[in-house]
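Here is my note on the model, point by point. Please read it with the coordinates open.

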Amino acid sequence: MSCAKARWSGASAVWASDHMLTAAILAVLLTMMMALARAVIGPTEYDRMLAANSFGTKTVLLIALGGHALGWHSHLDIALLYAMVNFVGSIAVMRFFEYSRPQDETGETERNA
Amino acid sequence: MSLVLDLLSGLFLLLGGFLSITGGVGLIRLPDFFSRVHASGLNETLATPLLLIGLMLQMDWSLDLLKVLFIIALVLATSPTAAHAMAKAALHGGLRPRAADDTGRPEDDPSKA
């Protein structure tokens, strides 16, 4: 009786962790869609860059989790490389934007340039 | 042992997915660029290690665990750095944080008086 109960709870734990993996992938996809929406509607160029950075970080998560769920090979190398490239790209674009004043000031009220 | 690992993995994945969605909602709904940096940076820094630890608890004992640890270390190092760089770039680019008593009208802006 106790053995059967232990087997049942073990199977239900595997079921729970598998579905939690699917739920986590769906949550990451939903967050990526929200970041994409901010990149589209973002009033300043900094908002778009923030959304792109957040999208890249969530892409790393999606490659790691989804690769494990689908049984890919060496997806973690790609995720690691993507994290590095995402960081370097964000820093490069931010250094480029740091002291530049864009020509059009569309739809923003906070800037007092 | 496997039961405990599966339950812990499901718990970590659930918490990480919830935090990820929270960061996405904050990225869309917060009113200011600096508060959006705050939401995105903080949530990425906690949600990514939670999701990846939940992934590590499901994986076999191999070299891939070390790669996931590398990804966690890289994200923990680069995500606050990128958030700081974006906030600094926006501040130097002329964007100002919205104060609590900011009415939004230009004649009430104390930096222009």
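1. A working definition first: two residues are in contact if their C-beta atoms, placed from the backbone, lie within 7 Å. On that basis, and leaving aside neighbours within four places in sequence, A:Ala24 is in contact with A:Leu65. A:Ala24 also contacts B:Leu13, B:Gly16, B:Gly17, B:Leu51 and B:Gly54. Keep in mind throughout that this is a predicted model.

2. Chain A. There are 3 helices and 0 strands. The order along the sequence is α-α-α. Chain A has 113 residues, and 33% of them count as buried. Take the contacts in chain A between residues at least 6 apart in sequence: 51% of these join residues at least 24 apart.

3. Chain B. Here too the secondary structure comes to 3 helices and 0 strands, and the pattern reads α-α-α. Of its 113 residues, 39% are buried. Among contacts in chain B between residues at least 6 apart in sequence, 64% link residues at least 24 apart.

4. The interface. Chain A puts 52 residues into the contact, and chain B puts in 53 residues. On the side of chain A that touches chain B, α1, α2 and α3 each supply at least two residues. The most come from α1(A), with 18 residues.

5. The core. Which residues touch the most other members of the largest nonpolar core? They are A:Ala24, A:Ala64, A:Leu65, B:Leu51, B:Ile71 and B:Met86, in a core of 50 residues. Chain A gives two or more residues from each of α1 (2-41), α2 (45-70) and α3 (75-97). Chain B does so from α1 (2-29), α2 (33-56) and α3 (64-92). The most come from α2(A), with 11 residues. Note that A:Ala24 contacts two of the residues named here, A:Leu65 and B:Leu51.

6. Helix α2(B). This helix has 24 residues. From first C-alpha to last it reaches 34 Å, close to the 34 Å expected at 1.5 Å a residue. There is a bend of about 30° at B:Glu44. Is α2(B) enclosed or open? Of its 24 residues, 17 are buried, so α2(B) is largely enclosed by the rest of the structure.

7. α2(A) against α2(B). These helices pack at an angle of about 10°, with their axes 11 Å apart. They are therefore roughly parallel to each other; the cut-off for that label is an angle under 35 degrees. From α2(A), the contact includes A:Tyr46, A:Leu50, A:Thr57, A:Leu61, A:Ala64 and A:Leu65. From α2(B), the residues met include B:Phe33, B:Val37, B:Glu44, B:Leu51 and B:Leu55. B:Glu44, where α2(B) bends, is thus among the residues that meet α2(A).

8. α2(A) against α3(B). The angle is about 175°, and the axes are 11 Å apart. That makes α2(A) roughly antiparallel to α3(B). On the α2(A) side, the contact is made by A:Tyr46, A:Met49, A:Leu50, A:Asn53, A:Thr57, A:Val60 and A:Ala64. On the α3(B) side, the residues include B:Val68, B:Ile71, B:Val75, B:Met86 and B:Ala90. A:Tyr46, A:Leu50, A:Thr57 and A:Ala64 also take part in the contact with α2(B).

9. A:Ser74. Please check this backbone. Phi is near 50°, a positive value in a residue other than glycine. Most residues other than glycine have a negative phi. A:Ser74 lies in the loop between α2 and α3 of chain A. With 10 C-beta neighbours inside 10 Å, A:Ser74 counts as exposed.

10. B:Lys67. This residue is found in helix α3 of chain B. B:Lys67 is partly exposed, with 19 other C-beta atoms within 10 Å; the buried class begins at 20. Not counting residues up to four places away in sequence, B:Lys67 touches A:Leu76, A:Asp77 and A:Leu80. B:Ser20 is 47 residues from B:Lys67 along the chain, and their C-alpha atoms are separated by 22 Å.

11. B:Phe18. Its place is in helix α1 of chain B. Buried, exposed or partly exposed? With 15 C-beta neighbours inside 10 Å, B:Phe18 counts as partly exposed. B:Phe18 and B:Ala83 are 65 residues apart in sequence and 21 Å apart in space, C-alpha to C-alpha.

Terms used: Residues numbered from 1 in each chain as written. Chains lettered and ligands numbered in written order. Predicted model: local features only at pLDDT ≥ 70, side-chain atom pairs only at ≥ 80, totals over all residues. Helix = DSSP H or I, 4+ residues; strand = E, 2+ residues; numbered from the N terminus. Buried ≥ 20, exposed ≤ 12 C-beta atoms within 10 Å, placed from the backbone. Core = buried A, V, L, I, M, F, W, Y, C linked by C-beta atoms within 7 Å. Expected span 1.5 Å × (residues − 1). Bend = angle between axes of the 7 residues up to and from the residue. Axes fitted to C-alpha atoms, helices over the stretch in contact; angles between N-to-C directions. Parallel < 35°, antiparallel > 145°, perpendicular 65-115°, else oblique.
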